[in-house]
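Trainee: Could we go through this one together before I head back to the bench? I'd like to start with the overall fold and then look at the side chains.

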Amino acid sequence: MLRPYIPVMILLGISVAQAIGMVVLSQVLSPGRATKNKSAPYESGMTPLGSTRERFSVKFYVVAILFIVFDVETVFLLPWAVHARTLGWGGFAVVGIFVFILTVGLIYEWKKGALEWD
């Protein structure tokens, strides 16, 4: 019953072993001497200015959330694209409605000015 999942479990095991192996190897092979320069934050070669606790505008977060929402929603189109022929016109209609709703949401956000940086 679980036989089809064996390749997935093998791949998962190899991935976990590789991740753990890389972390262990980096700890073993790296010199590990912490200095003031190594511990300082890197800001594109510039000395950091200001506080790291600076507040961002809510617009930044709104655009970020909108990007994530639309990005995740478009991922739902991949399974449909794989099985588009087997789903027929009914599946096409459902995806058409889905894309229409996404488009209406995007137009709404655009009209409300959520995509403006100013």
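Mentor: Reading along the sequence of this predicted model, you meet the pattern α-α-α-α-α, and the chain has five helices and zero strands.

Trainee: And what radius of gyration does the chain have, set against a compact globule of 118 residues?

Mentor: The chain comes out at 24 Å, whereas a compact globule of 118 residues would be near 13 Å. Along its principal axes, the C-alpha trace spans about 65 × 55 × 20 Å.

Trainee: What share of the residues count as buried, then?

Mentor: Of the 118 residues, 6% count as buried. The area that the chain exposes is about 11,000 Å², and carbon and sulfur atoms supply 70% of that area.

Trainee: Switching to charge, how many positive and negative side chains are there?

Mentor: There are 10 positive and 7 negative side chains, and if you take the centre of each set, the two centres lie 11 Å apart.

Trainee: Now the rings. How many aromatic pairs does the structure hold?

Mentor: The structure holds two aromatic pairs. One of them is formed by Trp 80 and Phe 92, with 6.4 Å from centre to centre and 40° between the planes, and this pair is described as tilted. The pair links distant parts of the chain, since Trp 80 sits in helix α4 (residues 77-82) and Phe 92 in helix α5 (residues 84-112), twelve residues apart.

Trainee: Why does that pair count as tilted and not as stacked or edge-to-face?

Mentor: Planes under 30 degrees apart count as stacked and those over 60 as edge-to-face, so the 40° between the planes of Trp 80 and Phe 92 makes the pair tilted.

Trainee: And which residues form the other pair, the edge-to-face one?

Mentor: That pair is formed by Trp 89 and Phe 92, whose centres are 5.5 Å apart, with 85° between the planes. Both residues lie in helix α5, three residues apart, which is about one turn of the helix. Taken together, the ring pairs link Trp 80, Trp 89 and Phe 92 into a cluster.

Trainee: Is Trp 89 buried or exposed?

Mentor: Trp 89 has a relative accessibility of 72%, and because exposed means over 50%, Trp 89 counts as exposed.

Trainee: What about the relative accessible area of Trp 80, and that of Phe 92?

Mentor: Trp 80 has a relative accessible area of 22% and is partly exposed, while Phe 92, with a value of 47%, is also partly exposed.

How values were computed. Residues numbered from 1 in each chain as written. Predicted model: local features only at pLDDT ≥ 70, side-chain atom pairs only at ≥ 80, totals over all residues. Heavy atoms only, no water. Helix = DSSP H or I, 4+ residues; strand = E, 2+ residues; numbered from the N terminus. Rg over C-alpha atoms; globule rule 2.2 N^0.38 Å. Buried < 20%, exposed > 50% of the residue type's maximum accessible area, 1.4 Å probe, protein only. Areas by Shrake-Rupley, 256 points an atom, 1.4 Å probe, with all protein chains shown as cover. Lys, Arg positive; Asp, Glu negative; His and termini not counted. Charge placed at Lys NZ, Arg CZ, Asp CG, Glu CD. Phe/Tyr/Trp six-rings, centres within 6.5 Å; stacked < 30°, edge-to-face > 60°.
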